[in-house]
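New notebook page. I wanted to look around the ligand first, then at one of the helices.

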Amino acid sequence: METKKKDIRALTKEQLRDFFVAHGDKAFRGNQVYEWLWQKSAHSFEGMTNLSKATREMLEANFVINHIRVDQMQRSSDGTIKNAVRLHDGLVVESVLIPTSSRTTACVSSQVGCSLDCRFCATARLKRMRNLNPDEIYDQVVAIDNESRLYFDRPLSNIVFMGMGEPLMNYNNVLKAIEKITSPEGLAMSPKRITVSTSGVPKMIRKMADDGVKFKLAVSLHSAIDEIRTTIMPFNATFTLADLREALQYWYDKTKSRITYEYVVWKGINDTQKDVDALVRFCRFAPSKVNLIEYNPIDDGEFLQAPDSAIDRYVDTLERNGITVTVRRSRGKDIDAACGQLANKQ
Ligand code: SF4
């Protein structure tokens with residue numbers, strides 16, 4: 001009977017060292033293999049040229065390297081790149097490279113589909129099929145780093161967990177991936193350049209604060225009025241704004257790290273002065289930044305971007321109340337790579 005080979009990247013460095021010792025070799029061989037797997041992103045044992053043929057064959061007999069494959073790469077007229085990423089079991093997720101004059105940001109997925117049901121989001125139409133493993137998240141980042149070097153002549157500078165899925169519903173794997181991304185044995189990126197964007201899962205926000213994470217937190221808020229938020233993000237009925245706010249207060253007290261709110265203003269949904277005032281009240285308890293994001297309609301026009309006058313009202317009121325506000329133009333619209341548009345259309 002054929003035994004299923006284990007994915008070698010599920011092993012820690014210690015476990016790899018132990019494996020070699022148990023097979024009569026030196027522990028440092030584990031370090032060499034670890035470096036191949038993570039720093040050099042090796043896709044085969046054969047390419048590990050500083051190992052003997054016998055060692056490579058022994059690894060081949062015991063393990064597989066499950067790596068992702070960029071099946072399709074689309075380039076937008078504004079330079080944005082969208083990757084359709086095929087996983088080892090055939091499922092597909094999407095990740096996006098967003099270039100500006102000074103930085104390259106990777107927007108990566110954390111789940112195949114999503115278990116939440118935000119009504120404005122294309123990913124919500126795909127039911128959650130599974131969580132991504134740490135190496136699958138890491139590999140998306142490596143692929144975008146390579147593309148950034150190739151097409152923009154510079155390394156990747158920032159990462160946002162804002163692709164498919166709710167990262168805090170796959171917390172352990174997201175954390176492990178970030179450990180690898182920030183480790184000198186991985187990509188050695190600063191955690192300050194990584195933002196985890198959540199729709200707001202209070203229990204997990206508290207856990208992040210307790211775990212002393214060093215990356216930044218963003219919350220997709222979209223409304224600071226419960227009735228409205230529940231209409232557009234139905235899970236708000238369970239994780240109410242009061243719970244969310246308490247968790248964010250806890251986060252701020254522990255981390256002293258500013259909170260970013262992602263916020264889309266939709267026509268006829270959250271575009272009145274009452275909505276703006278509620279947002280100001282919600283933000284007041286801690287230093288905050290509000291990103292007003294341009295929306296990309298995904299189908300029948302139920303959700304439409306509010307006119308500029310509504311955005312101006314938000315900007316004026318927030319600024320008058322000392323809250324930092326930015327207006328973010330959406331990128332990659334022509335290839336369905338913009339916020340809320342990732343839905344494996346191919
Ligand atoms: S907006 Fe995020 S959390 Fe909501 S359904 Fe889409 S992917 Fe999931």
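Before listing neighbours, I fixed my rule: contact means heavy atoms within 4.5 Å. This is a predicted model, where local features need pLDDT of at least 70, side-chain atom pairs count only at pLDDT 80 or more, and totals for chains, interfaces and linings use all residues. Residues are numbered from 1 along each chain as its sequence is written, and side-chain values use heavy atoms, with hydrogens and water left out.

Entry one: the ligand. I looked up what surrounds the ligand and found Cys114, Leu116, Cys118, Cys121, Thr123, Ala124, Gly165 and Ser199; I call a residue near if one of its heavy atoms lies within 4 Å. I sorted this shell into five nonpolar, three polar and no charged residues. For that sorting, Ala, Val, Leu, Ile, Met, Phe, Trp, Tyr, Cys and Pro count as nonpolar, Asp, Glu, Lys and Arg as charged, and the others, Gly among them, as polar.

Entry two: the cysteines. An unreviewed UniProt entry puts a "binding site" at Cys114, Cys118 and Cys121; such annotations may be inferred rather than shown by experiment. I found Cys114 in the loop between strand S7 (111–112) and strand S8 (130–131), and Cys121 is in the loop between S7 and S8 too. Strands are DSSP runs (E, at least two residues) and helices are too (H or I, at least four), numbered from the N terminus.

Is Cys114 buried or exposed? Cys114 counts as buried because its relative accessible area is 13%, and buried means under 20%, exposed over 50%, partly exposed in between (1.4 Å probe, protein chains only). Cys121 is buried as well, at 17%. Not counting residues up to four places away in sequence, Cys114 touches Thr123, Leu126, Lys127, Arg128, Gly165 and Glu166.

Entry three: helix H5. In H5 (residues 171–182), I noted buried residues including Tyr171, Val174 and Lys180. The buried residues of H5 pack against helices H2, H4 and H6 and strands S9 and S10.

How values were computed. Expected span 1.5 Å × (residues − 1).
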